[in-house]
Amino acid sequence: LAEDSHYLVRGYAQPDELYEAAEQRLPDIVLLDMKMGDIQGEQVLDQLLTKWPRLCVIIVTGYPSLDDMRAALKRKAFDYLTKPFSLQQLRTTLNN
């Protein structure tokens, strides 16, 4: 996807790095993993959408559950993808 000329892909190891970068240049789309060690994706999602309510956040997770999906969508996540997902699945979601 990074080779695709339509997207500039940036990665961040810590939420604070993402927040700081978003202050400089708000991304069009955030792919947010729900399980990041000690960091809870739900908290990051809430902080992102509180600060930037129109931001498109797509949840990705290797530990899917119906309850988590419902909670993420209720929090206004754009979509919920389960790992592993194909590049075509991601492209389809991005094109929506």
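**Exercise 1. The surroundings of Leu 32**

Find which residues Leu 32 touches, not counting residues up to four places away in sequence, and place Leu 32 in the largest nonpolar core.

*Solution.*
Step 1. Keep in mind that you are looking at a predicted model. Select Leu 32 and skip the residues up to four places away in sequence; what Leu 32 then touches is Gly 41, Val 44, Leu 45, Val 57, Ile 58, Ile 59 and Val 60.
Step 2. Now look at the largest nonpolar core, which has 18 residues. Leu 32 is among the members that touch the most other members, together with Val 30, Leu 45, Leu 48, Leu 55, Val 57 and Ile 59.
Step 3. Ask which elements give two or more residues to this core: they are H1, S1, helix H2 (41–51) and strand S4 (56–61). H2 gives the most, with four residues.
Step 4. Another core, of six residues, lies apart from this one, and among its members are Cys 56, Val 60, Leu 90 and Leu 94.

**Exercise 2. The chain as a whole**

Work out how many helices and strands the protein chain has, and why its radius of gyration agrees with that of a compact globule.

*Solution.*
Step 1. Count the elements: there are four helices and five strands.
Step 2. Read along the sequence, and you will meet them in the pattern α-β-β-β-α-β-α-β-α.
Step 3. Turn to size. The C-alpha trace spans about 35 × 30 × 25 Å along its principal axes.
Step 4. A compact globule with 96 residues would have a radius of gyration near 12 Å, and the protein chain has 13 Å, so the two agree.
Step 5. Check the inside as well: buried residues make up 33% of the 96 residues.
Step 6. Finally, take the contacts between residues at least 6 apart in sequence; 49% of them join residues at least 24 apart.

**Exercise 3. Pocket and cavity**

Describe the largest pocket by its space and its lining, then do the same for the largest cavity.

*Solution.*
Step 1. Here is the idea behind the search: rolling a probe the size of a water molecule over the atoms shows where empty space is left.
Step 2. The largest pocket holds about 720 Å³ of space. It is lined by 24 residues, and those closest to its centre are Arg 10, Pro 27, Ile 29, Val 30 and Leu 31.
Step 3. Helix H1 (15–24) and strand S1 (29–33) each supply at least two lining residues. S1 provides the largest share, five residues.
Step 4. Sort the pocket lining by type, and you get 17 nonpolar, three polar and four charged residues.
Step 5. Next comes the cavity. The structure holds one cavity of 30 Å³ or more, and the largest cavity has about 40 Å³ of space.
Step 6. The residues that line the largest cavity are Met 34, Lys 35, Glu 42, Thr 61, Tyr 63, Asp 68 and Tyr 80. By type, this lining divides into three nonpolar, one polar and three charged residues.

**Exercise 4. Backbone angles**

Locate the cis peptide bond at Pro 84 and the positive phi of Lys 76.

*Solution.*
Step 1. Start with the background: most residues other than glycine have a negative phi, and most peptide bonds are trans.
Step 2. The peptide bond from Lys 83 to Pro 84 is cis, with omega near -5°. Pro 84 sits in the loop between strand S5 (79–82) and helix H4 (87–95).
Step 3. Lys 76 is not a glycine, yet it has a positive phi of about 85°. You will find Lys 76 in the loop between helix H3 (66–74) and S5.

**Exercise 5. Buried or exposed?**

Decide whether each of these residues is buried or exposed: Lys 76, Thr 93, Asn 96 and Pro 15.

*Solution.*
Step 1. Use two cut-offs: under 20% relative accessible area is buried, and over 50% is exposed.
Step 2. Lys 76 has 63% relative accessibility, so it counts as exposed.
Step 3. Thr 93 lies in helix H4. Its relative accessibility is 5%, so Thr 93 counts as buried. Leaving aside neighbours within four places in sequence, Thr 93 is in contact with Ile 58, Phe 78, Asp 79 and Leu 81.
Step 4. Asn 96 belongs to the segment after H4. With 66% relative accessibility, Asn 96 counts as exposed.
Step 5. Pro 15 is found in helix H1. Its relative accessible area is 15%, so Pro 15 is buried. Beyond its neighbours within four places in sequence, Pro 15 is in contact with Ile 39 and Val 44.

Conventions: Residues numbered from 1 in each chain as written. Predicted model: local features only at pLDDT ≥ 70, side-chain atom pairs only at ≥ 80, totals over all residues. Heavy atoms only, no water. 1 Å grid on protein atoms, 1.4 Å probe; cavity = no way out; pocket = protein on both sides within 12 Å on 5 of 7 lines; lining within 4 Å. Points joined across faces, edges and corners; volume = space filled by probe spheres on them. Nonpolar A, V, L, I, M, F, W, Y, C, P; charged D, E, K, R; others polar. Core = buried A, V, L, I, M, F, W, Y, C linked by side-chain atoms within 4.5 Å. Buried < 20%, exposed > 50% of the residue type's maximum accessible area, 1.4 Å probe, protein only. Contact = heavy atoms within 4.5 Å. Rg over C-alpha atoms; globule rule 2.2 N^0.38 Å.
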